[in-house]
Structures are given as C-alpha cells and as structure tokens.
Amino acid sequence: RSGSQVFAGFAPTDEADASRTNLGAYADLETDLSPRLLGNLAARFERYSDFGSLVTGKLAFRYQASPRVTLRAAGSTGFRAPGLGQINFSKVVTNVIAGQVEEIGIFPVGNSAARLLGAKPLQEETSVNLSAGLAFSPRDNVTFTADYFFIRINDRILLGATFDDDTTLAILARSGFTEIGGVQYFTNGLDTRTQGVDLT
C-alpha cells in the first residue's frame with residue numbers, strides 16, 4: 001500500500017530491562033577410522049537462563065576411494081534462541097494510508113494487546129544441515145568437485161503482518177486499546193528448506 005510513516009520516538013512505556021546468561025561448551029574429535037576413512041564428530045552444549053539446555057552436533061566422513069577420488073558427507077543440527085530484541089522490542093509508529101492516520105504498535109509477545117491477537121511466547125529456531133559430495137582430480141593441478149546440500153530451518157522468527165482490520169479494531173477497543181489502529185509482533189512464523197548443488 002502507498003502512504004507514509006512517522007516515528008515520534010521511543011516512549012517510556014517502550015523501555016525494557018532484560019538480560020540472560022549463556023554457557024557453551026564445544027568438543028571436536030577427528031580420527032582415521034581406516035587408512036582411507038576419516039571420521040569427525042563434534043558436539044556443542046548450550047545452556048540459556050531463559051531457554052534451558054540443548055546439545056547440537058555434527059558427524060562427518062571423508063573417504064579416499066582412490067588417489068584421485070574423494071567422497072565426503074556431513075550432517076549437523078543447529079539451535080538459535082530468540083534475541084532479546086525480538087522478545088522485548090516495542091514502539092508505536094504513525095502510518096498515513098489514503099489520508100487516514102493509523103497508530104501501529106509493534107509490541108513484544110507478552111504485551112496484552114499482542115496477546116489479544118494471538119501472540120505466543122517465542123520458541124527457539126532449530127536447523128538440520130546435510131551435505132554429500134565428491135572431489136575428482138584427473139591431474140595433479142586440476143580438481144573438480146560436486147556437492148549436494150540440504151538445509152532445513154524450523155520456526156524461523158520474523159515480524160508478522162499488521163493486524164489492522166475492522167475485527168482487530170473491535171477486539172482492541174473492547175479491551176480498552178482505543179488509541180491503537182493496528183498491532184504487529186514477532187512470531188515463529190516460517191519453516192524454510194534450502195537445497196542445491198555446488199559445482200566447482
């Protein structure tokens with residue numbers, strides 16, 4: 001939609017005092033399982049004061065099929081806790097749409113206006129990463145590689161759509177939010193999958 005937007009600045013009600021502590025430990029082991037097979041195992045432990053504990057890991061292999069052909073494969077998992085800004089960010093902007101002025105609030109999921117419209121506590125993002133490929137060297141100074149990769153990320157955090165329809169306004173008005181014409185909040189709103197092949 002066309003229009004303009006005005007931001008008057010942060011208000012005292014936008015202030016948040018939030019903190020977290022995070023502890024992480026990482027271990028990585030690599031060894032020759034046979035004269036041709038190399039194995040790699042890695043693990044990471046993380047402890048968040050507000051999201052609990054989780055272990056993620058990686059497993060990888062490299063097989064030397066011949067002096068000129070190498071096969072490789074890897075799999076790993078990932079984790080990302082919501083940022084403190086995503087959990088606590090708050091501001092109100094003035095939108096002018098078709099000559100009409102709207103006050104749009106971007107609120108934390110714990111804000112009562114956001115909860116009225118279905119906001120839920122943010123969850124961590126998790127991921128799975130798989131890859132496999134080969135390297136072929138027909139000559140000492142030439143190498144061709146082909147690698148397939150697959151990355152899946154669950155519960156990605158993004159800023160949701162603006163709720164500013166008539167039903168939303170009625171819900172807000174019934175609960176005493178008469179100065180707000182719309183609401184946005186962060187949400188675990190998207191699962192993504194990325195895959196492809198790299199050739200070099």
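This passage walks through a helix, a hairpin, a nonpolar core and one well-connected asparagine, N188. The model is predicted, so local features need pLDDT of at least 70 and side-chain atom pairs count only at pLDDT 80 or more, while totals for chains, interfaces and linings use all residues. Residues are numbered from 1 along each chain as its sequence is written, and side-chain values use heavy atoms, with hydrogens and water left out.

Helices (H or I, at least four residues) and strands (E, at least two) are DSSP runs, numbered from the N terminus. At the start of helix 3, which spans residues 166-174, the backbone nitrogen of T167 lies within 3.0 Å of a side-chain oxygen of D165. After helix 3 comes G176, with a positive phi near 95°.

Strand 2 (residues 22-32) and strand 3 (residues 37-48) run antiparallel and are joined by 11 bridges; two strands pair if DSSP finds at least two bridges between them. One such pairing links E30 to N40 in strand 3. A hairpin of 4 residues connects strand 2 to strand 3.

The largest nonpolar core (buried Ala, Val, Leu, Ile, Met, Phe, Trp, Tyr and Cys residues joined through side-chain atoms within 4.5 Å; buried means under 20% relative accessible area, with a 1.4 Å probe and protein chains only) has 13 residues, of which F107, L172, V183 and Y185 touch the most other members. Leaving aside residues up to four places away in sequence, Y185 touches residues including F107, L117 and F163, where contact means heavy atoms within 4.5 Å.

Finally, N188 sits in strand 11 (residues 186-199). The N188 side chain reaches the backbone nitrogen of Q123 at 2.7 Å and the backbone oxygen of D155 at 2.8 Å.

How values were computed
Polar contact = N/O pair within 3.5 Å; in protein donor to acceptor, adjacent residues only side chain to side chain. Buried < 20%, exposed > 50% of the residue type's maximum accessible area, 1.4 Å probe, protein only.
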